[in-house]
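Open the model in a viewer and keep the sequence panel beside it. The stops below can be selected one after another.

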Amino acid sequence: MDCTRVNWEALDALIIDFVTSENLVVEEDACANSSPSPSSSPCISSSSYHARLIIRRIRNSIESGDIQNAIDTLSSHAPFVLDDHRILFRLQKQKFIELLRKGRHDDRVAAIHCLRTCVAPSALDAYPEAYEEFKHLLLALIYDKDDQTSPVSNEWAEKRRYEMAGLMSSVLRASLQAYDPLFSMTLRYLISIHKGFCFHQGISSAVSDLTHRLLLEERDPPATPLESMYEAPPFDEVDIQALAHAVELTRQGAVDSMKFAKGDLFQAFQNELCRMQLDVSVLDELVKEYCIYRGIVDSEMQMITGPVKRNQFEVAHRLSRDCSAEIDLNTSQHSDVEDYCMLDGALVNDAEMSSKEGGEVGSERTNVSEDCSNSWSNKCENTRALVRIRSHMNCESNKRKRWRGRIDETDRLPDPSFSKSETGINPLENKYEIALALKELVSRGMVAEAVNEISTMDPDFFTQNPVLHFHLKQVEFLKLVSAGDHNGALKVACSHLGPLAANDQSLLKTLKETLVVLLQPDGNTTGKDLPLNDLANTLQVSVGNRLGIEEPQLMKIIRATLHSHTEWFKLQMCKDRFSNLLKIDSLKEVNTDLIGAIKSRSNKENNANLSSQLTTTSSSTMTSEDGGSSSLMMTTQTSSREALWEESAILKVMEFLALSRSDAIQLLSQYNGNAEAVIQQLFG
């Protein structure tokens with residue numbers, strides 16, 4: 001559908017913040033030191049997380065009909081919410097209905113008592129229509145809950161629970177500043193923009209099945225402002241339109257949201273985003289798959305589908321984690337590698353091992369050794385390759401987290417060493433680890449080692465990926481020039497870069513620019529800090545494809561929705577006011593220009609004063625643009641289709657006709673920018 005490049009490192013940061021904030025992972029050290037006591041739980045200090053737990057508990061109580069428990073929880077943790085008599089009245093009404101719903105005599109008596117002591121008093125101070133609602137509620141005493149034709153069928157409907165629960169969630173989120181993690185809000189927004197763009201353009205989405213499962217149509221009811229806010233000063237029309245179109249509100253809905261947020265546009269925006277409902281179970285599975293693919297969480301132990309003996313696991317764990325292991329990969333003896341190969345191949349499980357005689361086990365082990373061959377799919381060779389690759393790197397690798405999952409805070413945590421997963425992925429498969437290790441080599445600039453290892457495992461790999469091969473060799477060339485080895489660099493150019501560019505004319509320009517680096521004065525060319533992340537990520541995907549590892553579905557969603565976001569705001573001919581808040585700009589910042597990075601660094605070193613001056617000028621210009629609320633949203637982009645109409649005319653058409661910015665501009669183009677003429681033509 002598109003070729004949008006994504007800064008996956010920026011997404012990693014958002015994902016890590018998400019899984020940490022939601023307590024979905026535990027640190028490896030915490031797993032090792034944890035005890036199986038019921039009170040053991042991962043340590044998390046986020047007050048926002050605990051506030052979200054409170055909201056979740058209140059929401060669950062209301063949805064299950066236990067209104068009194070919700071009121072008690074509010075009294076303990078957020079008593080100020082009950083000071084709003086409108087909310088208290090609605091809670092008491094629902095409590096009365098739930099008591100009647102139980103149908104027992106004692107509960108009916110309790111319901112009448114609730115009417116006298118709770119519902120009636122709160123109706124007097126709630127809002128003007130409250131007392132009429134109270135009298136109407138009395139009809140529930142004589143009409144059955146199953147009577148769909150009764151005048152109180154709406155009061156009996158269980159959907160009222162969910163409406164009330166959603167309202168309480170909206171109020172509490174804003175009051176406690178307990179917003180969902182940034183990634184969750186960014187994903188909601190991007191999917192919402194993606195759906196709107198596809199609908200507007202009449203095109204189908206390649207990820208529509210995923211996005212429809214992930215972002216639900218339902219939204220929590222909005223938190224309504226207090227009466228004291230009704231006379232709030234008028235808000236900037238630019239803010240109102242920005243909010244209305246960003247989260248698909250009516251103009252009045254945007255005004256009410258701004259009132260509740262006391263005029264804070266970005267708080268109102270976050271309130272509205274969090275009203276959108278995500279299917280949390282789908283989200284967690286997508287995030288988990290992504291985390292395993294990117295090496296954020298450890299796929300070992302947590303993913304085991306059956307019991308594994310301790311000594312077997314220690315062999316596997318040591319080989320996959322100890323990158324300094326000194327192992328003779330050519331030995332014919334039964335080394336740890338062979339033990340791991342046998343375990344990795346799942347040729348024998350605990351039951352089989354306990355029932356077989358030693359000779360039989362030895363025979364199987366010999367068969368495994370004889371089975372090893374040079375191929376991506378061979379588990380023995382993959383194990384050897386993994387140990388070999390990691391021998392190039394320092395032992396100090398980033399510690400991964402362990403997936404914990406969304407466990408209710410009242411539940412006993414399972415033993416993380418033997419928790420099961422429904423995905424059926426075998427942790428002892430080295431495919432993920434090989435792709436990650438090769439990616440890590442490239443990101444560290446060790447491209448020659450990565451190329452050699454790949455060529456050893458699959459001599460045909462680079463024949464099928466010539467462009468990737470060219471860019472890897474380009475980095476190797478630059479590193480050699482940086483080290484002063486011009487002869488070595490020329491050998492790389494003659495042996496690899498030249499032939500590859502000869503077969504692909506699109507690479508000739510890059511080859512010429514690369515060779516020019518040879519003319520840089522000694523000391524002016526550095527191979528350090530090259531933008532290698534995108535190249536490393538590309539290698540991981542390519543190697544993963546050869547290994548049969550599917551790209552995570554979350555990657556497909558992010559790539560498609562970022563593309564739609566870019567195209568949508570081209571249509572709107574304006575900047576997205578919220579992209580910086582949601583880190584969308586960071587997700588789009590991908591630097592792949594190796595030569596440009598070298599030139600830029602050289603220019604900075606040679607023209608430090610000029611560079612500083614230019615940076616200051618640029619920063620002040622950006623600040624000036626971002627300072628005014630009008631220019632922040634409505635700075636138009638250079639486009640052959642752009643019509644430079646008065647901003648006030650665009651806003652007037654958007655407001656009166658409830659149109660998007662792009663549609664308003666198109667109408668103005670037909671009437672020479674005259675907003676009054678547009679409105680008169682449509683209403684005249």
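The tour goes from the whole chain to its cores, then to a cavity and a few single residues.

**Whole chain**

Start with everything shown as a cartoon, keeping in mind that this is a predicted model. The protein chain has 35 helices and 4 strands. Of its 684 residues, 49% count as buried. Among contacts with a separation of 6 or more, 74% join residues 24 or more positions apart.

**The largest nonpolar core**

Select Ile15, Phe183 and Tyr189 and show their side chains. The largest nonpolar core has 107 residues, and these three touch the most other members. Add helix H28, residues 553-572, which gives the most to this core, with 9 residues.

Now centre on Tyr189. Beyond its neighbours within four places in sequence, Tyr189 is in contact with Ala246, Phe269 and Leu273, and also with His565, Phe569, Asp576, Phe578, Leu582 and Ile584. Another core, of 25 residues, lies apart from the largest one; Ala51, Ile87, Ala165 and Leu172 are among its members.

**Gln270**

Next select helix H14, residues 265-275, where Gln270 is found. Gln270 has a relative accessible area of 17%, and the cut-off for buried is under 20%, so Gln270 counts as buried. Residues up to four places away in sequence aside, Gln270 touches Tyr179, Met185 and Leu581.

**The second largest cavity**

The structure holds 5 cavities of 30 Å³ or more. The one to visit is the second largest, with about 100 Å³ of space. Which residues line the second largest cavity? Select Arg90, Lys93, Gln94, Ile97, Leu137, Glu155, Arg160 and Met164 to display the lining. By type, the lining divides into 3 nonpolar, 1 polar and 4 charged residues.

Colour helix H5 (85-102) and helix H9 (159-176), each of which supplies at least two residues of this lining. H5 gives the most, with 4 residues.

**Arg101**

Stay on helix H5 and move to Arg101, which is found in that helix. Is Arg101 buried or exposed? Arg101 is buried, with a relative accessible area of 12%. Leaving out neighbours within four places in sequence, its contacts are Gln94, Lys145, Trp156, Ala157, Glu158 and Arg161. Of these, Gln94 was already selected as part of the cavity lining. For a distance check, draw a line from Arg101 to Gly65: they are 36 residues apart along the chain, and their C-alpha atoms are separated by 9.3 Å.

**Asn7**

Go to the segment before helix H1 (8-21), where Asn7 is placed. Asn7 is buried, at a relative accessible area of 18%. With neighbours within four places in sequence set aside, Asn7 is in contact with Ser586, Leu587, Glu589 and Val590. Then measure from Asn7 to Asn537: the two are 530 residues apart in sequence and 9.4 Å apart in space, C-alpha to C-alpha.

**Cysteines**

Finish with Cys291 and Cys574. Cys291 is buried, with a relative accessible area of 0%, and Cys574 is buried too, at 2%. How many disulfides does the structure have? The count comes to 0, with a pair of cysteine sulfur atoms within 2.5 Å as the criterion.

Methods:
Residues are numbered from 1 along each chain as its sequence is written. This is a predicted model: local features need pLDDT of at least 70, side-chain atom pairs count only at pLDDT 80 or more; totals for chains, interfaces and linings use all residues. Side-chain values use heavy atoms; hydrogens and water are left out. Buried means under 20% relative accessible area, exposed over 50%, partly exposed in between (1.4 Å probe, protein chains only). Contact means heavy atoms within 4.5 Å. On a 1 Å grid over the protein atoms alone, a cavity is a set of points where a 1.4 Å probe fits but cannot get out, and a pocket is an open set with protein on both sides within 12 Å along at least five of seven lines; lining residues have an atom within 4 Å of a point. Grid points are joined across faces, edges and corners, and a volume is the space filled by probe spheres set on the points. Ala, Val, Leu, Ile, Met, Phe, Trp, Tyr, Cys and Pro count as nonpolar, Asp, Glu, Lys and Arg as charged, and the others, Gly among them, as polar. A nonpolar core is a set of buried Ala, Val, Leu, Ile, Met, Phe, Trp, Tyr and Cys residues joined through side-chain atoms within 4.5 Å.
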